[in-house]
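This report describes how a ligand is held by its protein and then turns to one arginine residue.

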Amino acid sequence: MKDSNRHKGMRRRLIRSLEKKGITNQEVLEAIGSIPRHFFLDNAFEEHAYEDKAFPIDAEQTISQPYTVAIQSSLLDVKKREKVLEIGTGSGYQASVLAYLGARLYTVERHEELYKKAQTIFKSLGLGGIRSFYGDGYKGLGEFAPFDKILVTAAASNIPDTLKQQLKIGGRLVIPVGSKSMQTMVRITRIDETSYQEENYGDFRFVPMLDGKNPLKNI
Ligand code: SAH
């Protein structure tokens, strides 16, 4: 896969459209302007990769809309060297944006085929430092906890306690919570051992967060 000047031009237009939609975080805009989103999509979607839309990926999942990636990344407010956990690797695009922002990134995916494909792309982009795992995100990653930030990129019906427990004091969890058809973006800050502060940031629509691992199909 190549990243041509034409792709770069399309990315610049995407950045301008995100600015018009109210995204102001310059680091986040720069990251989205740098990561080649067309690498994360099937060839058939290459011409559409820089439209502000979600697209289908393997295993009946989706790559998030750039606006959603921008909002989640801005709410997470990643600082360089912070330890960040993402639940729902999917295409690996959001993970790459967070790694570009300087996160020490851990990402978990329940579909083995997506986990494998994302790993290949991380390597080809020189983002081999991203640590990816095939597993159930409801469990978090206890052996690497606590995290400065945790991002969930699938719709949860409630806020998993396990993930709250894996936050550092002062750490943040960004998660879309709600029904299958609509979720509210929630940001939770861990105040101390037992208390958390919660803020809401508008409506979004994600694929569902599901229990357990889903193995690679034998085709
Ligand atoms: N961050 C992704 C968005 C992918 S969609 C991107 O940038 O492309 C959400 C992903 O979450 C899907 O791939 C889905 O398989 C995964 N997912 C859902 N429930 C999960 C769970 N319990 N653990 C890990 N991943 C999960």
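A polar contact is a pair of N or O atoms within 3.5 Å. The model discussed here is predicted, and three pairs of atoms between protein and ligand are listed below.

| Residue | Protein atom | Ligand atom | Distance |
|---|---|---|---|
| Gly 88 | backbone N or O | nitrogen | 2.9 Å |
| Gln 94 | backbone N or O | oxygen | 3.1 Å |
| Asp 136 | polar side-chain atom | nitrogen | 3.0 Å |

Taken alone, the ligand exposes 590 Å², of which the protein buries 99%. The ligand is located in the largest pocket.

**The shell around the ligand**

The ligand is surrounded by 27 residues, and the closest are Gly 88, Ser 91, Glu 109, Gly 137 and Leu 210. By residue class, the shell comprises 11 nonpolar, 12 polar and 4 charged residues. Several elements of secondary structure supply at least two shell residues each: the strands β2 (62-63), β3 (83-87) and β4 (104-109), together with the helix α4 (93-100).

**The surroundings of Arg 172**

Arg 172 belongs to strand β7, which spans residues 167-178. Which backbone oxygen does the side chain of Arg 172 reach? The partner is the backbone oxygen of Leu 75, at a distance of 3.3 Å. When neighbours within four places in sequence are left aside, Leu 75 also appears among the residues in contact with Arg 172, together with Leu 76 and Asp 77. Further contacts of Arg 172 include Asp 148, Lys 149 and Ile 150, as well as Leu 167, Arg 187, Ile 188 and Thr 189.

Conventions: Residues numbered from 1 in each chain as written. Predicted model: local features only at pLDDT ≥ 70, side-chain atom pairs only at ≥ 80, totals over all residues. Heavy atoms only, no water. Near = heavy atom within 4 Å. Polar contact = N/O pair within 3.5 Å; in protein donor to acceptor, adjacent residues only side chain to side chain. Areas by Shrake-Rupley, 256 points an atom, 1.4 Å probe, with all protein chains shown as cover. 1 Å grid on protein atoms, 1.4 Å probe; cavity = no way out; pocket = protein on both sides within 12 Å on 5 of 7 lines; lining within 4 Å. Sits in = over half its atoms within 2 Å of the grid points. Helix = DSSP H or I, 4+ residues; strand = E, 2+ residues; numbered from the N terminus. Nonpolar A, V, L, I, M, F, W, Y, C, P; charged D, E, K, R; others polar. Contact = heavy atoms within 4.5 Å.
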